[in-house]
Each structure stands twice: as structure tokens, then as C-alpha cells.
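These are my notebook entries on a single chain, written down in the order in which I looked things up. I begin with a loop and work outwards from there.

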Amino acid sequence: MASNLSSPTSPPPPVPSHLVYKQQQHSPTNSLAEGNAYQRQTSSSRAAERSSSRSVRQAGYVPGSSDDDEGGRSSSDAAVPSIMVSVAAMTLGASDDEALSAAAAAAKSGARSSANKRVSRGATSEFSHRPHTTNSTQPPPLPLQGSRHATAHNSMELGTTVTDMGSTTGTATIHAAEARAPTPAMYWKQTKTWGCRPPKMRSQTLTVIGSQVFVFGGWNNTVCYNDVYVLDTETMFWSKMHTSGDEVPPCRAHTATAVGSRLFVFGGGDGTQYFADLYVLDTKSYVWTKARPAGVAPSPRRTHTCFHYNGYVYLFGGGDGHKALNDLWRVRAEPTAQGTFEWEEVETKGGRPFPRGYHTSTLVGNQVVVFGGSDGQECFGDTSLLNLDSMEWSHVSIDPPLTRLAHSATLVGMYLFVICGHDGADYSSQVLMLKLDTLRWETRTIYGSAPIPRGYHACALHDGRLFLHGGYNGQEVFDDMYVLELSSYSYLPQVPEFVIGCHR
């Protein structure tokens, strides 16, 4: 069988400027080509309508400025809808919006020439908004009133029309013909929760242990948090936990990795501070322990990724306030007899991916899939694989490449569900499904009320449901909780073992 992998050192192909992918198409299963054809039919009128309002604020890097400046923008700056909170704040120490502007200016002037160059696309933030109810005798529920994402559109499947009255208090009218989604179909819903809910936050972590979902850290553009919230997924009841032990500083853009009943929290930051400490939370006693490192430990960073494999917690990439990183580290999940945790930098073969943060690293068997991210100048759409047994990188070419940063990527069977994030031009609410055995993007009709486009959210899978919490859309920080019901697709985690790219 011919190799499915491109040269390890070759960068991914550029992003086609015409590629705009709608979450809901006119049939339950469509190719990307069909989706693009449909999008092109409807995009020209919207492009003219949006061209006057979509711009990137021309601000450069301010040396020594804090990324907390984002919370203090003027109202006119905050109104710019296409601002991307990029990883440049992580790498350069500038405000997130200022960093985006510098990145956009650099991209336009050709400051960096690589095959993975960010392409500014004429994307639209419009997306399908499908109410869902199981009772066909009652009218369907209305979408959230006053939401900015309510738009006028026509449903190709069921002839449903949703009309926005053009104001933040406008109403929507929905035909009852689409009152019920097919039983096998996936659908979104904004779920109701009770108890002590987390506040509005972004760049927090969402980690599943047992039947509980743990939320830690995050910030609201002004204040960072160090609280632990736990959601019981059976009752949808939130609890704010009282912890003891070593004090963990408030942080954001950190990682929280589950190892049994323990939570390994590494790095992150607060304002201009970048951390390199490892904390371990015992989720049975709720006692924090600051791990004493043995040997050389990783440098301070945030916007990195971590995952657990074969007794180690691995760390890849991120940014240290000056540059993006692409180093690989690991720490033993069990302490030594002296109570220390042994770190080591891992040497790899095959050529590492470009330095980046705000990417995702998803464990698939004995391989990890690194997708997307940014180095502060470009929004990446490349995909790299690391074999954790041979420690060799390979880089796959996926057509078309789809750029994302500040997204989430969750393994569901042989699919990688890439949800929301920023594509280099605008925030998204799309659900992209990468079929790992063929390494092709697929689409599905998803019913219900999709989340408002956003990035910097947190997402986790449990019991046939994908939980999405919080995030940021360039103007507003969220505290909502959405659930993507996988329905008949919930069987996917039960598929037998497969090899990535085996059917390509």
C-alpha cells in the first residue's frame, strides 16, 4: 500500500481562499465539495453586506504591554467583529487584539513565506440554527432572543425560515414543520444546570473523571480564577469545591490532565506571568499538592497541550511570552521514593511541527494528533502525527486544509470532532468531523440550537454527549453550557481499533 504521509519536513498546503464550510448542509451526509458549491451560491450577497463592517484594527505590537489590556478596550475597539484573540499575546506579550492586528498586517505584507501561510477568507459568521423538540404536536422552541447570531436563512432540508428583525431584541418566527429532528441525528441544545455555576470564563479546562466534569481556572478578560467547579452529569448540578493543601495561583491557558482520580495541572499564566509549576489535585480528597520536580523541568508557558499515555503526562508546544514553542516533554505520573516528579525532554525523529500554541493534541491509540494552532502570525491548518512508541513525527496532507486555533478536538470513535474556534478570519460554531482512517473531512446535518460562534471554550466527551462550556467571541465572554447529543453516533467510541490513514 502506498504511503499516506507526506514528507515530514514539508509544510501543509495553503488554505483555499474560497473554502467556507457550513455546519448544516442540504443532506445528512455531504462532501466538502458539495458544501462549498452551496456556500458559493449564497456568499456573494453576504460578502458585500459584510465587507464594510469586517475589518481588522491596525494596531501593532506594544513592547511590554500586558494581555490584560484586552479587558480595557474602548467601546469602539470592542465593536470590531472580526478581531481574533491570537496566540501572539502568548508569544509576544501584547494584548490579544493588538497581536491579531499585527499578525494580519504581517500576513498581508508577506512577512512570512511558507506553504502554510494564513489565507484571509471571506468567511461568514452565519450558521444554521435548528430548534429541536421530541413533541411534534407542539411548536418548536424559539432560539435565544436578542442573540447576535440569529440570522435570516433558508433550510434546504425542511423549508424552515428563521427571520432576524435586525435588532438585539428582535424576534424569530419558525415554521412548526421542523419541530422534530430524526431520531438518529445529532443535535445541539443549551442545557439547563443548577447549583453554584461557574462565572463567565475563557481559556479554562474541562476534564472528565468518572461521571463528573471538572472545571478549573480561566478568566473573564479581567480576573483569573483558581476555583474548582464540578458538574454532576446525571443531575446537571454544579458544585464549587472547597480545596485544601498547597495554594494554586489563578491561571488561564493551562492544561488539566486526568490520571485516574488525579488531575495534573501544569503551566498557564495570569497577565504577564507565565508558570512552570505542576500541581496535582486528588479529586477524592480535594487536596492540592505542588509537585517537586526532579531534574530539568519545562520552561514557563501557556497555551500548550498535555495528554496521558503509558504512565507519563506529555507536554507539547505553547508559548513563553517571547516565542512559540514546539518542544516535547514528559513527566512520570507517579512520584519517586523521594516524592519528586521526574521530568525529561523527549527527543523525536521526523521533523517537529512548526512552533505553536492554541492547538489541540488528541491521543489516538499510540499516536497523538496535533492539529491547528498559531504562532502569533499565522493560523495553521496542518495535521501532524507523533508515534509515541517510536517517537517519530509524520505530517499528513488533508485536502482541503481547514485552519483553526482556540478550538477543541475530541476523539469519538474514529472521528475527530473539531468544534468552534477561529479560522483566521472569524469565530466559528462549526462541527468539523475528521475521519481518521481516511483522513478526510466529513459533514453531517446537526439539528438544534448551535452555540454562538466562539473560541477559547472547553469541551469534553461523556456518555454519548459532548459538553461545551464558556468561551469568547471577540466581544463577550460566556458562561453557558451546551451539549451535543451524539444520538446514533454515540456508538462510535465502540468501534474496533483502527490505523490512522489505513483507508486513505
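I looked first at Asn310, which lies in the loop between S18 and S19, where strands are DSSP runs of E of at least two residues and helices are runs of H or I of at least four, both numbered from the N terminus. I noted that the phi of Asn310 is near 55°, a positive value in a residue other than glycine. Is Asn310 buried or exposed? I found it exposed, because its relative accessibility is 63% and the cut-offs are under 20% for buried and over 50% for exposed, with partly exposed in between (1.4 Å probe, protein chains only).

For the record, this is a predicted model, in which local features need pLDDT of at least 70 and side-chain atom pairs count only at pLDDT 80 or more, while totals for chains, interfaces and linings use all residues. Residues are numbered from 1 along each chain as its sequence is written, and side-chain values use heavy atoms, with hydrogens and water left out.

**The strands around that loop.** I followed S18 and S19 (residues 312-319) and found that they pair in the antiparallel sense over 5 bridges, pairing being counted if DSSP finds at least two bridges between two strands. Cys306 has Leu315 in S19 as its bridge partner, and Cys306 is buried, with a relative accessible area of 16%. The two strands belong to an open sheet of 5 strands in the order S17-S21-S20-S19-S18, with mixed pairing. I marked S17 (292-294) and S18 (305-309) as the edge strands, each of which pairs on one side only. On average, neighbouring strands in this sheet are turned by 30° against each other, direction ignored; the axes here are lines fitted to C-alpha atoms, for helices over the stretch in contact, and angles run from 0 to 180 degrees between N-to-C directions.

**Another open sheet.** I then looked up the order S10-S16-S15-S12-S11, which is again 5 strands in an open sheet with mixed pairing. Its edge strands, each pairing on one side only, are S10 (244-245) and S11 (255-259). S11 pairs with S12 (residues 262-266) in the antiparallel sense over 5 bridges, and Val259 stands opposite Arg262 in S12.

**Two further loops.** In the loop between S30 (446-448) and S31 (458-462) I found Tyr456, which has a positive phi of about 60° although it is not a glycine. Unlike the exposed Asn310, Tyr456 counts as buried, at 3% relative accessibility. Pro400 lies in the loop between S25 (392-396) and S26 (408-412), and a cis peptide bond joins Asp399 and Pro400, with omega about 0°.

**Cores.** Which residues touch the most other members of the largest nonpolar core? I listed Trp188, Phe417, Ile419 and Leu484, out of 19 residues in that core, a core being a set of buried Ala, Val, Leu, Ile, Met, Phe, Trp, Tyr and Cys residues joined through side-chain atoms within 4.5 Å. The elements giving two or more residues to this core are S4 (186-190), S27 (415-422), S28 (427-435), S32 (465-472) and S33 (477-485), and S27 gives the most, with 4 residues. A second, separate core has 16 residues, including Val396, Leu416, Leu434 and Trp441. Going back to Phe417, I noted among its contacts (heavy atoms within 4.5 Å) Met186, Val431, Leu466 and Leu484, with residues up to four places away in sequence not counted.

**Trp238.** Trp238 is in strand S9 (residues 237-240) and is buried, with a relative accessible area of 2%. Not counting residues up to four places away in sequence, it touches, among others, Trp194, Arg197, Tyr229, His469 and Met481.

**Cysteines.** I counted 0 disulfides in the structure, taking a disulfide as a pair of cysteine sulfur atoms within 2.5 Å. For Cys224, which is in no disulfide, the nearest cysteine sulfur is that of Cys251, 6.9 Å away. Cys224 counts as buried, at 8% relative accessibility.

**Totals.** I closed with the whole protein, whose secondary structure comes to 4 helices and 33 strands, and of whose 504 residues 58% count as buried. Among contacts between residues at least 6 apart in sequence, 64% join residues at least 24 apart.
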